[in-house]
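Student: I'm new to this structure, and I'd like a close look at the charged pairs in it. Could you pick one to start from and then lead me on from there?

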Amino acid sequence: MRTFLTAACAALLLGAAPAVLAAAQPGAAPAVAPILTTPEARDVMTYARPEIARVTHVDLDLEVDFQEQILRGTATLSVLAQPGAKEIILDTDSLAVTRVTDDQGRALAWSLGAAEPEKGAPLTVQLNGAQRIVVHYAARPGASALQWLPPQMTAGKQKPFLFSQGQAILNRSWIPTQDSPGIRQTWTARLVVPEGLMAVMSADRLTPEGEPAGAGRRAFRFAMDKPVPPYLIALAVGDLAFRPLGPRTGVYAEPSMLDRAAYELADTEKMVEVAEALYGPYRWGRYDVLVLPPAFPYGGMENPTLTFLTPTFITGDRSNVNLVAHELAHSWSGNLVTNATWPDGWLNEGFTSYFENRIMEGMYGRARAVLEADLDWDILMREIELAGGMEAPTTRLRGDDGEESGQIDYIKGSLFLRTLETILGRERWDAYLTSYFNRHAFQPQTTAGFLADLRAHEIKGDKALEAKLQLDAWAYGTGLPDNAVRLRSEALAAVDAQTRAFVAGGKAAALKTADWSTQEWLRFIGNLPRQMAADRLAELDAAFNLSRSPNAYVRSAWLELAIANRWEPAVPALEAFLHSVGRTLFLRPLYRELVAQGNWGRAIAERAYRTARGTYHASTAAAIDALLNK
């Protein structure tokens, strides 16, 4: 049984007024979100001790300095503490803290502890009775969550750009707070930026056009009144324009990208409606999308009210809008109900990948959803093989050591939920999942907590059903249980037939590819032999210009095959690609395959990386560093 330190319990412990902490309606955002105190919910990647003193609200007032690549200002933190608590411990990473006061300006004693790799350093503040503390600080150049782009790395080439990426524990490099997904906080912010640039954040935009803030500067204000895990606090500053997509949806992008982005995202409002029909109301107000420059390290980031997206999803045919469906689905699984610690990250990504597929089915039909699920199966099999096979520890959903699991959390987690749907029946499963999101809205969750909830509300002691579902094998076991449900796509079966014909000696020109989607191309390339003759590679490239494909998904898959064959004609296109994108999903496999090719590949990898590394986000660079330093 899990134990909550709820707002009500805190009221008793802290002597808070009951009226202030009155119970919210089921599924509504509470004034103060609960924390979990069971052993499996202990977050070893935070210095915080939230059961003693915790942050409940963050108020940022920061100036953005592009010249020095610094954010400087204050973070005012609301503190909920047990009676007699003398201090609060915050997470920081390389912050330049100058002083700490209470909200009346009285100095508070503080100290920075020794820093640990990846974890940063604890900032301990003596409360002296304060319920609000003000940290005066600057986020230094090189802050791991922030990427400062010069004008030449933007689409417009005229103005600089800044964005943040906080997951998993990078936001402590620009916000001194308790940086753990299990410690949810409301927040407000004021950002002062140079005139001519727009600031956006993952919250309600209170001043969309900004307001004067001194010579050559404008201030933008934001508010998030729902408690969120701190990794979801995000900002971007640049030459941005906005276009509505529907009554509560829209897209931000650089002006030169706006038309293409709006075309690709035309179905976004309908996606929100389909998601709501599946699992209940969208609770975040607006759902807008920000299309970032290519240096963004992920496909998307589910920042509340404002999904951040890579421009690589834009292919002109809307075949990659499953990425939008995925980030939208996070508004329920991840943002509404969040993993309490990162070893339970599959609760975010596995649930979301399942929900994404259901949105795609609702939008575009069963065949499209089955096609994407079938392709995911291929990816999962490759990921499991790379991990070391079905017995590899990193194939578990509930991780223990924080090792990189690639897409296993996403796809195995989605398979788990699809298997539950198949056994329980879709109507029953959907009713359960809707109720689950309502019961745990704006709360952290653990694997043990999810399984306990499922057993309490659906299994109810039915031993035969328990045995059929194999819950513990899915959640804690390696590999795949034998009840995993695989979906098979007729469209991909047709691609497979063409692949076999080509491999048997057929001509590339005979392939009927005119109507192929991204997913069909990925199936074709993925099923080609890993070792091919140079003339066959040349034939395919001449027929379809794969080395220079404008579709980043197709191009990266092709380049991976070219590397496996040490096919020299693709090397210039490979090096250009490594310098033009920052998405880890594409970069990691390419560098990994280069390293696997010994001296030939390592030389290419190191040559490209020397000049490309500075264009990658810190999280991407860390992943590539690990590959090259093995």
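Tutor: Let's start with Arg455, which is partly exposed because its relative accessible area is 25%, between the cut-offs of 20% and 50%. Keep in mind that you're looking at a predicted model. Now find Glu466, which is partly exposed too, also with a relative accessible area of 25%. Glu466 and Arg455 form a salt bridge, and their closest N and O atoms are 2.7 Å apart. This pair links distant parts of the chain: Arg455 sits in helix H9 (residues 447-459), Glu466 sits in helix H10 (residues 463-469), and 11 residues separate them. Elsewhere, salt bridges with shared partners join Asp374, Asp378, Arg486, Asp496 and Arg523 into one network.

Why do such pairs turn up at all? Side chains that carry opposite charge can pair when their charged atoms come close. For the whole model, the count comes to 36 salt bridges, so let's visit a couple of others.

Take Glu63 and Arg217, whose side chains meet in a salt bridge at 3.1 Å, N to O. Glu63 belongs to strand S3 (residues 53-65) and Arg217 to strand S16 (residues 217-228), so this pair ties together parts that lie 154 residues apart in sequence. How open are the two ends? Glu63 counts as partly exposed because its relative accessibility is 26%, and Arg217, at 30%, is partly exposed as well.

Another pair is Glu269 with Arg248, where the side chains meet in a salt bridge of 3.2 Å, N to O. Here, too, distant parts of the chain are linked, since Glu269 is in helix H3 (residues 268-279) and Arg248 is in the loop between S18 and S19, 21 residues apart. Is each end buried or partly exposed? Glu269 has 9% relative accessibility, so Glu269 counts as buried, while Arg248, at 21%, counts as partly exposed.

That loop is worth a pause. S18 and S19 make a hairpin, with two residues between them. Strand S18 (residues 241-246) and strand S19 (residues 249-253) run antiparallel and are joined by five bridges. If you'd like one bridge to find by eye, look for Phe242, whose partner in S19 is Tyr252.

Polar side chains can meet as well, and Asn339 in strand S23 (residues 337-339) is a good place to look. With a relative accessibility of 0%, Asn339 counts as buried. Its side chain has a polar contact of 2.9 Å with the side chain of Asn348, and the Asn339 side chain also reaches the backbone oxygen of Thr341 at 3.3 Å. Beyond its neighbours within four places in sequence, Asn339 has contacts that include Pro181, Gly182 and Gln445.

The stretch that follows this strand brings you to helix H5 (residues 346-364), which has 19 residues. From its first C-alpha to its last, H5 reaches 26 Å, close to the expected 27 Å. H5 is mostly covered, with 17 of its 19 residues buried. Just after H5 comes Gly365, with a positive phi of about 100°.

One last stop is Ser549, in the loop between helix H14 (534-544) and helix H15 (552-564). Ser549 counts as buried because its relative accessibility is 10%. Apart from neighbours within four places in sequence, Ser549 is in contact with Val554 and Arg555.

Methods:
Residues numbered from 1 in each chain as written. Predicted model: local features only at pLDDT ≥ 70, side-chain atom pairs only at ≥ 80, totals over all residues. Heavy atoms only, no water. Helix = DSSP H or I, 4+ residues; strand = E, 2+ residues; numbered from the N terminus. Buried < 20%, exposed > 50% of the residue type's maximum accessible area, 1.4 Å probe, protein only. Polar contact = N/O pair within 3.5 Å; in protein donor to acceptor, adjacent residues only side chain to side chain. Contact = heavy atoms within 4.5 Å. Expected span 1.5 Å × (residues − 1). Pairing = 2+ DSSP bridges. Salt bridge = Lys/Arg side-chain N within 4 Å of Asp/Glu carboxyl O.
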